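Here is a friendly walk through a structure, going from single residues out to whole chains. Please keep the view open as you read.

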Amino acid sequence: MKKFINRPENLVSELLEGFVLSHPGTVRLTGSNLVARAKPKDAGKVGVVTLGGSGHEPGLSGFVGEGMLDVSVAGEIFAAPGSPRCLEAIRLAERGAGVLFIVLNHSGDILSANMTMSLAQREGLKVRKIVTHEDIAGGPNPDDRRGLVGFLPVYKIAGAAAEQGRSLDDCLAIAERMERNMRTLAVALTTATHPSTGQPIFTLADDEMEIGMGQHGEAGTGRMKLKTADETAEMMLQMLLDDLQVKSGEDLLVIVNGAGSTTLMELFLIFRKVHQILKDKGIRLARSKVGEFITTQEQGGFQLMIARMDPELLQLWDAPSNAPYFVVR
Amino acid sequence: MMESAAARIREQQGLLSQLDCIAGDGDHGTTMLRIMDRLESAFKTDAPDLRASFSEAGWNVMGSDGGASSSLLGAFFLGVGEATRAGVSSWDCIQFAAALQAGLQAIQAQTKARPGDKTLMDALAPAVESLVAAAQAGNDLASALKTAAEAAKAGASSTENLIARYGRARLLGEKTRGHQDPGATSVALIIDGFSQAASEMKGGIEHARHG
């Protein structure tokens, strides 16, 4: 393994420290390594909290800030944090209007979140949970669909709604509307090295790619010979459009998320083709983002996400945020 | 007893990570090391109280941030603690079996996974069931735990021919056949550690001294 690390056991605390130190005045570390907004949200507004494993930077703590998340609970490398710290995060984010707890559909996160919800209820905390599961590689059953980069619009929309002072029920309803209207598909080209074990997390031949690869390098479902950028974009976009049943004239948000070692150059090639196809089909590209929002170390590949937008969702997407990795002015 | 279980996991951590590479992210061994450290430390106390120690162990294990393994094993130890009366510092075989049964029920409340789904339940459920049966049949702790360890090992081995239906691995379907489940393997090692410790002591479980 060739990585700049000190001691594997200190990896997570050191990366969190580096992250908050590089964004003073925006985020801070508090309690048991919780990443929180530097300036707490006004009293009477809904808190927004998430949890997830580390090793996916800038996900998920990079999206803590005014207008997005209040607190992020980072687990160990690729592993969900446990309930004790999640509960602490919910208490911290509670400003008198309840807390929205955003959970990406991965078995460890779900187990920890469910346990956290029952502990929070025991304490009388007002918490509502939303699970993101938009990865179409999981098949038709929503429980089998993992939460991939779709967390980004959900954090953004929920965070903006909370900042506007909407009620917990309203924030949940609008976050759920965003969640229902998004789809993601991932493709992998090369493996990532687990930074604690030094082992590759899967193997893929030099001339192969794998559609449906999970965020933690869990093997996907469709291994095939490597295709060009245009062919890959076309195949993946078609699967997403079919699954979301997008009609011409509708407004889409498109996100191309690099997995870690795929270059921005390649991501732009993918986006170019997506743009071309949508134009041909008469589907409006309302908003777009190309970059790295959630990575898996040096894994090669990308996630393509589409989401159907309406005027209210677009307005919340455009609302201000000072989250270090999602600044909107 | 916890030292012995931790030792078994430490011996086999490489294998556990290797098994996890097939359908997971290859870190089950390191996750289990963190879990066992926290489990052991909860029993290093001068005030022997099994309820307090198991509750602390459960909370610590859950807080080790080790994904599904720490949530489930944490729930298990928390369940054992909650079912134990405060101030109890030793158990006989029947009491120990009842405590582990409460732990199993606590896990069952957190996951729908059952034996046959290729998870840690494939080792844990038969181990607890055979422990309870052996205790009720009047066996002493050492022989009851020996039966339980065998059941856990057989349960873990049986996962080799199963298809994963829970956790990250479930999306892989047929590809998961042919390899033993890492979570079930860990549970079998822990019960085997308990069994080894019990065979070296007489009578029941006593806190601290054999803890």
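## Unusual backbone spots in chain A

Q245(A) is exposed, because just 9 other C-beta atoms lie within 10 Å and the cut-off for exposed is 12 or fewer. Do keep in mind that this is a predicted model. Q245(A) sits in the loop that runs between helix 6 (229-244) and strand 10 (251-258) of chain A. Its phi is near 50 degrees, a positive value in a residue other than glycine.

Q297(A) also has a phi near 50 degrees, again positive in a residue other than glycine. You will find Q297(A) in the loop between strand 11 (284-291) and strand 12 (300-309) of chain A. Is Q297(A) buried or exposed? Q297(A) counts as buried, because 21 C-beta neighbours lie inside 10 Å and the cut-off is 20 or more.

Two cis peptide bonds are worth a look as well. The table lists them with the place of the second residue in each pair.

| Cis peptide bond | Omega | Place of the second residue |
|---|---|---|
| E57(A) and P58(A) | about 10 degrees | P58(A): loop between strand 3 (47-54) and strand 4 of chain A |
| G59(A) and L60(A) | about -10 degrees | L60(A): loop between strand 3 and strand 4 of chain A |

As background to these spots, most residues other than glycine have a negative phi, and most peptide bonds are trans.

## Helices and their packing

Helix 4 (residues 151-163) of chain A packs on helix 5 (residues 168-180) of chain A at an angle of about 155 degrees, and their axes are 9 Å apart. Helix 4 of chain A is therefore roughly antiparallel to helix 5 of chain A. The crossing of helix 4 of chain A past helix 5 of chain A is right-handed. Which residues of helix 4 of chain A and helix 5 of chain A meet? From helix 4 of chain A come P153(A), V154(A), I157(A), A158(A), A161(A) and A162(A), and from helix 5 of chain A come D170(A), C171(A), I174(A), A175(A), M178(A) and E179(A). By class, this contact has 10 nonpolar, no polar and two charged residues.

In chain B, the axes of helix 6 (residues 121-136) and helix 8 (residues 182-199) come within 7 Å and cross at roughly 35 degrees. Here D122(B), A123(B), L124(B) and A127(B) of helix 6 of chain B meet A184(B), V187(B), A188(B) and I191(B) of helix 8 of chain B. That contact divides into seven nonpolar, no polar and one charged residues.

Back in chain A, helix 2 is largely enclosed by the rest of the structure, because 10 of its 11 residues are buried. Among them are R85(A), E88(A), L87(A) and I90(A).

## Where the chains meet

In all, 32 residues of chain A are in contact with 30 residues of chain B. Strand 4 (71-77), helix 2 (83-93) and helix 3 (107-122) of chain A each supply at least two residues of the side that touches chain B. Helix 3 of chain A gives the largest share, six residues. By class, this side of chain A has 10 nonpolar, 18 polar and four charged residues.

## Chain A as a whole

Chain A has eight helices and 14 strands. Its C-alpha trace spans about 50 × 50 × 35 Å along the principal axes. The radius of gyration of chain A is 19 Å, which agrees with the value near 20 Å for a compact globule of 329 residues. Buried residues make up 57% of the 329 residues in chain A. Of the contacts in chain A between residues at least 6 apart in sequence, 72% join residues at least 24 apart.

Note on methods:
Residues numbered from 1 in each chain as written. Chains lettered and ligands numbered in written order. Predicted model: local features only at pLDDT ≥ 70, side-chain atom pairs only at ≥ 80, totals over all residues. Helix = DSSP H or I, 4+ residues; strand = E, 2+ residues; numbered from the N terminus. Rg over C-alpha atoms; globule rule 2.2 N^0.38 Å. Contact = placed C-beta atoms within 7 Å. Nonpolar A, V, L, I, M, F, W, Y, C, P; charged D, E, K, R; others polar. Axes fitted to C-alpha atoms, helices over the stretch in contact; angles between N-to-C directions. Parallel < 35°, antiparallel > 145°, perpendicular 65-115°, else oblique. Left-handed = near helix turned anticlockwise from the far one by under 90°.
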